[in-house]
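Let's take a walk through this structure together, going from the overall layout to the ligand and then to a few details of the backbone. Keep the 3D view open as you read.

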Amino acid sequence: MVPEAQTLLDSSRPLFNRIAVIGLGLIGGSVAAAARHSGLAGEVLAADSRPEELALGADLGIIDGYGSIAEIVTGADLVVIAVPVRATVPVLEEAKPHLSADAIVTDVGSTKGSFVQAVQEVFGTWPPRVIPGHPIAGSEKSGVRAARADLFADHKVILTPPDQADAEAVDRLTALWSAFGATVLTMAVTDHDEVLAATSHLPHLIAFSLVDTLAGEEQNMEIFRYAAGGFRDFTRIAASDPVMWHDIFLSNREAVLRVIDHFTEDLANLRQAIEDQDGAALLRVFTRAQAARNHFSRMLSGQAYVTDMTQKPVRFRLQPGGKVTGDVRVPGDKSISHRSIMLGALAHGITEVEGFLEGEDSLATVQAFRDMGVTIEGPENGRVRIHGVGLHGLQPPRGPIYLGNSGTGMRLFCGLLAAQAFDTELSGDDSLSRRPMNRVAEPLRAMGSVIETEEGGRPPLKIRGGNRLSGIHYDMPVASAQVKSCLLLAGLYADGMTSVHEPAPTRDHTERMLEGFGYHVHRDGATVSVIGGGELTACHIDVPSDISSAAFLMVAATIAEGSDLTLRHVGMNPTRTGIINILKLMGADIEVFNEQEIGGEPVADLRVRSAQLRGIEIPEEQVPLAIDEFPVLFIAATCAEGRTVLRGAEELRVKESDRIQVMADGLRAVGVETTVTPDGIIIDGGQTITGGELDSHSDHRIAMSFAVASLRATGEIVINDCANVATSFPGFVELATEVGIRIRSEEK
Ligand code: S3P
């Protein structure tokens with residue numbers, strides 16, 4: 001809740017002296033019931049054209065009294081219009097002469113454009129204290145008898161205040177809905193009507209239509225007699241109030257027509273696929289729909305990259321101390337998981353993946369390919385089957401591709417989408433929307449692609465299709481595997497050779513995996529190249545555990561006295577082992593055994609025991625090899641004896657957060673002073689980690705690093721904004737608990 005709204009609720013006076021509810025049906029009645037129940041209104045009065053509903057409302061104790069619109073509006077400081085949307089104009093006309101100057105007027109209708117029009121028609125201009133609203137909490141039931149004081153709890157309420165709206169009125173209304181247990185969102189009127197046309201209006205139309213169709217079939221009695229399960233679930237909403245819905249469709253005509261046309265076209269395609277016995281087309285649509293449904297369920301339950309929408313931040317609370325023991329396997333490698341889906345989708349044949357990371361970032365990559373027509377089964381327990389469509393088989397997505405928090409996703413997609421025949425748009429969450437994309441857009445433009453960015457090279461990115469790309473040689477100014485991989489993917493489509501020179505070795509998973517898919521990558525010292533025009537052939541991929549996730553537990557077992565931890569099947573690609581090299585230089589006790597090569601990637605088991613670390617000057621050539629591990633290395637440095645100095649790591653400032661500054665701020669919050677430099681940090685070890693509260697800035701690796709710090713803290717550590725841990729390390733809290741970290745996850 002916004003702080004202003006909270007303050008309003010904290011005051012001892014009721015929020016409103018008199019609430020006038022016009023229209024005492026399910027929603028109006030529930031507003032009245034919730035207002036009385038919460039004690040936020042001095043009195044609640046109602047008006048309705050149906051006297052029996054008013055009498056019932058009074059009998060049920062939902063309202064304090066009733067009267068005509070003129071009577072109840074007089075002296076009211078909140079007027080809630082809860083009539084069918086087409087009745088708004090006459091209601092407003094009747095109320096207008098009696099409204100007090102300071103009254104807030106709102107509505108609860110399902111279409112906002114029509115309410116705005118009605119207000120303008122009746123008032124001429126926009127009165128600043130009229131705030132359109134819509135609680136998404138209806139049901140197929142109607143009438144005041146169905147009203148409930150808790151109808152809005154855990155539901156969303158959308159407010160669509162115009163620019164000239166009175167801010168205090170918006171706060172007051174937000175406070176009221178929040179007190180009813182709802183989550184309040186604001187949106188533009190047109191966005192609201194488009195979204196509702198698709199998510200509510202179309203499903204109601206289909207339900208009405210389906211029941212009507214079946215009722216008209218010859219054996220209708222038989223059909224309804226045996227109708228259970230699917231029919232009952234699917235058509236529940238066809239029992240809704242016909243007048244209300246007739247009003248909604250007529251009021252939201254344009255948006256509804258657009259979505260009906262879209263649906264009709266898709267239904268026709270499914271019909272055709274059945275007629276043609278085209279099982280592959282059916283499987284493609286059904287797997288995509290099933291995945292999208294799961295995706296939306298996760299969104300609705302408030303996980304990771306939609307936390308902004310759901311406003312359900314996760315907080316970690318850690319008790320100090322403990323030791324780390326056990327024998328565990330952390331989830332699959334994020335970099336390899338992304339690439340397995342990308343190359344699998346672009347290959348011919350079915351690629352089977354095991355050990356796939358079911359984290360938000362790599363799932364966003366799966367979803368993106370589904371949006372482009374690729375059938376992907378799973379993931380289920382880390383297994384994925386990708387029905388590759390070949391380098392030229394992707395279909396245009398229907399809308400922007402949303403990549404959540406994933407920088408790797410965005411940069412790699414940029415390369416492969418630059419070469420497609422169709423236009424695309426890539427977007428991401430707040431953190432991704434701040435990250436620099438010119439590093440890929442500029443070389444891709446040199447290859448002939450057309451890419452538009454927002455100011456400063458930030459996402460969203462608009463990528464124009466239909467451009468022929470030509471190979472280039474590119475000298476990367478920064479050591480970035482994402483840039484290298486992006487250009488190699490574009491190079492698969494380009495005329496001639498694309499070669500990339502890296503100033504320092506960066507992770508080479510793309511090169512290794514391309515070879516695994518039968519695509520030759522030429523390596524000559526620090527330069528890698530591909531020649532466009534080849535093909536990828538499906539293969540089997542075993543994704544090792546992510547060394548970047550293992551890193552948290554390596555540091556945990558090192559700094560906590562009495563620890564002894566085995567980590568299984570960890571990816572040991574030499575372009576990723578900087579964390580082990582640096583920790584060993586600091587004196588860590590890490591034993592590497594069971595070394596083997598699986599599907600072109602080295603893996604091993606690790607045994608880590610506690611050790612007293614000493615501060616070091618981190619060798620600069622190790623920086624790209626440990627690029628994601630510095631947040632947790634800063635915790636190791638804090639627990640070491642002596643000074644640790646990091647230089648040449650300015651890249652850390654443009655990761656999911658500015659990892660130098662955010663770590664320094666977090667360390668200060670738990671009692672540790674550091675010196676921040678433009679390209680690194682100086683940490684004097686041996687300081688006490690006192691505990692305290694800090695913010696991860698939505699950065700998964702910051703959150704997990706401070707969870708590890710708790711092992712050496714003297715007090716409780718509270719870490720805010722941790723939902724994004726699910727982007728790379730699903731199950732972190734459970735695994736951390738299993739090995740001995742005293743962590744609890746709380747939803748605020
Ligand atoms: C990644 C490369 C690195 C790393 C990121 C994953 C990849 O980024 O930080 O987490 O999968 O290619 P840069 O290449 O930009 O350093």
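The domain assignment divides the chain of this predicted model into domain 1 (3-187), domain 2 (200-270), domain 3 (314-327 + 548-747) and domain 4 (468-536). Notice that domain 3 is written as two stretches, 314-327 and 548-747. To get a feeling for the scale, look for domain 1 and domain 3: their centres, taken over C-alpha atoms, are 51 Å apart.

Now turn to the ligand. Where does it lie with respect to domain 3 and domain 4? Both of these domains give residues to the shell around the ligand, so it lies between them. The space that the ligand takes up is the largest cavity.

Which residues surround the ligand? They are Ser335, Arg339, Thr408, Arg411, Ser480, Ala481, Gln482, Arg507, Ile627, Asp628 and Lys655. Sorted by class, this shell has 5 charged, 4 polar and 2 nonpolar residues. You can also find your way around the shell by its helices: helix H15 (334-346), helix H17 (407-417) and helix H19 (481-491) each contribute at least two residues to it.

Zoom in a little further and some individual contacts come into view. In the side chain of arginine 339, an N or O atom is 2.7 Å from an oxygen atom of the ligand. The side chain of serine 480 also has an N or O atom facing a ligand oxygen, here at 3.0 Å. With glutamine 482 the backbone takes part: one of its N or O atoms lies 2.9 Å from an oxygen atom of the ligand. How much of the ligand does the protein bury? Taken alone, the ligand exposes 390 Å², and the protein buries 95% of that.

Finally, here are some backbone details to look up. Glycine 378 and proline 379 are joined by a cis peptide bond, with omega at about 0°, and proline 379 belongs to strand S13 (residues 375-380). Another cis peptide bond runs from proline 459 to proline 460, with omega near 0°; proline 460 is in strand S18 (residues 458-464). For the last stop, go to the loop between helix H12 (253-275) and helix H13 (279-300), where you will find glutamine 277. Glutamine 277 is not a glycine, yet its phi is positive, at about 55°.

Note on methods:
Residues numbered from 1 in each chain as written. Predicted model: local features only at pLDDT ≥ 70, side-chain atom pairs only at ≥ 80, totals over all residues. Heavy atoms only, no water. Near = heavy atom within 4 Å. Polar contact = N/O pair within 3.5 Å; in protein donor to acceptor, adjacent residues only side chain to side chain. Areas by Shrake-Rupley, 256 points an atom, 1.4 Å probe, with all protein chains shown as cover. 1 Å grid on protein atoms, 1.4 Å probe; cavity = no way out; pocket = protein on both sides within 12 Å on 5 of 7 lines; lining within 4 Å. Sits in = over half its atoms within 2 Å of the grid points. Helix = DSSP H or I, 4+ residues; strand = E, 2+ residues; numbered from the N terminus. Nonpolar A, V, L, I, M, F, W, Y, C, P; charged D, E, K, R; others polar. Domains from an automatic or database assignment.
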